[in-house]
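Here is a friendly walk through one model, in questions and answers. Each answer sets a value beside the cut-off that gives it its name.

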Amino acid sequence: MTYVYILQSLEHLGRYYVGVTADLRSRLVKHNAGEVPHTAKYAPWTVKTYIAFSDKKQAHEFEKYLKSASGRAFAKKRL
């Protein structure tokens, strides 16, 4: 399975991060350990939402969509 996930910063509640991974638990540990430069500044993080895909390509396409303006609006309203 490939997971598309949305993280929310616990200290900066308006900060979110969208990513994709095959191992959600270990990826969250890396985000919270400061090993991901883009998210280190806003740690700690919690998983707000995740969606599992059996097709890796579809997961990457959905991640790309969520990072677009319309995808952010969709996530804010529905996820």
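What follows is a set of questions about this predicted model, with the reasoning behind each label.

Q: What makes the pair Glu-61 and Lys-57 a salt bridge?
A: The label asks for a side-chain nitrogen of Lys or Arg within 4 Å of a carboxyl oxygen of Asp or Glu. The side chains of Glu-61 and Lys-57 meet at 3.7 Å, N to O, so the pair fits the definition. Glu-61 and Lys-57 are 4 residues apart in helix H3 (residues 56-66), which separates them by about one helical turn. As background, an α-helix has 3.6 residues a turn, so residues three or four places apart point the same way.

Q: Why are Glu-61 and Lys-57 given different exposure labels, "partly exposed" and "exposed"?
A: Exposed means over 50% relative accessible area, buried means under 20%, and partly exposed lies in between. Glu-61 has 46% and is therefore partly exposed. Lys-57 has 60%, so it is exposed.

Q: How many salt bridges does the structure hold, and what about Glu-63 and Lys-67?
A: There are 2 salt bridges in the structure. The side chains of Glu-63 and Lys-67 form one of them, at 3.1 Å from N to O, and this value is within the 4 Å cut-off. Glu-63 has a relative accessible area of 13% and is therefore buried. Lys-67, at 42%, counts as partly exposed.

Q: How do you know that the buried residues of H3 lie on the same side of the helix?
A: The buried residues in H3 are Ala-59, Phe-62, Glu-63 and Leu-66. They cover an arc of only 105° around the axis, so they sit on the same side of H3. The face turned away from this buried side carries the exposed residues Lys-57 and Lys-64.

Q: Which elements do the buried residues of H3 pack against?
A: They pack against strand S1 (2-9), strand S2 (16-21), strand S3 (45-53) and helix H4 (69-78).

Q: What makes Asp-55 a cap for H3?
A: A side-chain oxygen of Asp-55 lies 2.9 Å from the backbone nitrogen of Lys-57, at the N-terminal end of H3. A polar contact needs N or O atoms within 3.5 Å, so this distance meets the cut-off.

Q: Why is Gln-8 called buried, and what does its side chain reach?
A: Gln-8 lies in strand S1. Its relative accessibility is 18%, and the limit for buried is under 20%, so Gln-8 counts as buried. The side chain of Gln-8 reaches the backbone oxygen of Leu-13 at 2.8 Å, which is within the 3.5 Å limit for a polar contact. Leaving aside neighbours within four places in sequence, the contacts of Gln-8 include Leu-13, Arg-15, Tyr-16 and Trp-45.

Q: What makes Thr-49 a buried residue, and where is its place?
A: Thr-49 is in strand S3. With a relative accessible area of 16%, it falls under 20% and is therefore buried. A polar atom of the Thr-49 side chain lies 3.1 Å from the backbone oxygen of Leu-79. Beyond its neighbours within four places in sequence, Thr-49 is in contact with Val-4, Tyr-5, Ile-6 and Leu-79.

Q: Is Tyr-42 buried or exposed, and what is it in contact with?
A: Tyr-42 is found in the loop between H2 and S3. Its relative accessible area is 17%, so it is buried by the under 20% rule. Leaving aside neighbours within four places in sequence, Tyr-42 is in contact with Ser-9, His-12 and Arg-15. Pro-44 lies in the loop between H2 and S3 too, and the peptide bond from Ala-43 to Pro-44 is cis, with omega near 5°.

Q: Why does His-38 count as exposed?
A: His-38 lies in helix H2. Its relative accessibility is 61%, and exposed means over 50%, so the label follows.

Q: How much space lies in the largest pocket, and which residues lie nearest its centre?
A: The largest pocket has about 440 Å³ of space. Of its 15 lining residues, Ile-6, Tyr-16, Tyr-17, Val-18 and Arg-72 lie nearest the centre. The elements that give two or more residues to this lining are S2, helix H2 (37-40), S3 and H4.

Key:
Residues are numbered from 1 along each chain as its sequence is written. This is a predicted model: local features need pLDDT of at least 70, side-chain atom pairs count only at pLDDT 80 or more; totals for chains, interfaces and linings use all residues. Side-chain values use heavy atoms; hydrogens and water are left out. Buried means under 20% relative accessible area, exposed over 50%, partly exposed in between (1.4 Å probe, protein chains only). The arc is that of the directions from the helix axis to the C-beta atoms. Contact means heavy atoms within 4.5 Å. A polar contact is a pair of N or O atoms within 3.5 Å; within protein, one must be able to donate a hydrogen and the other to accept it, and residues adjacent in sequence count only if both atoms are side-chain atoms. On a 1 Å grid over the protein atoms alone, a cavity is a set of points where a 1.4 Å probe fits but cannot get out, and a pocket is an open set with protein on both sides within 12 Å along at least five of seven lines; lining residues have an atom within 4 Å of a point. Grid points are joined across faces, edges and corners, and a volume is the space filled by probe spheres set on the points.
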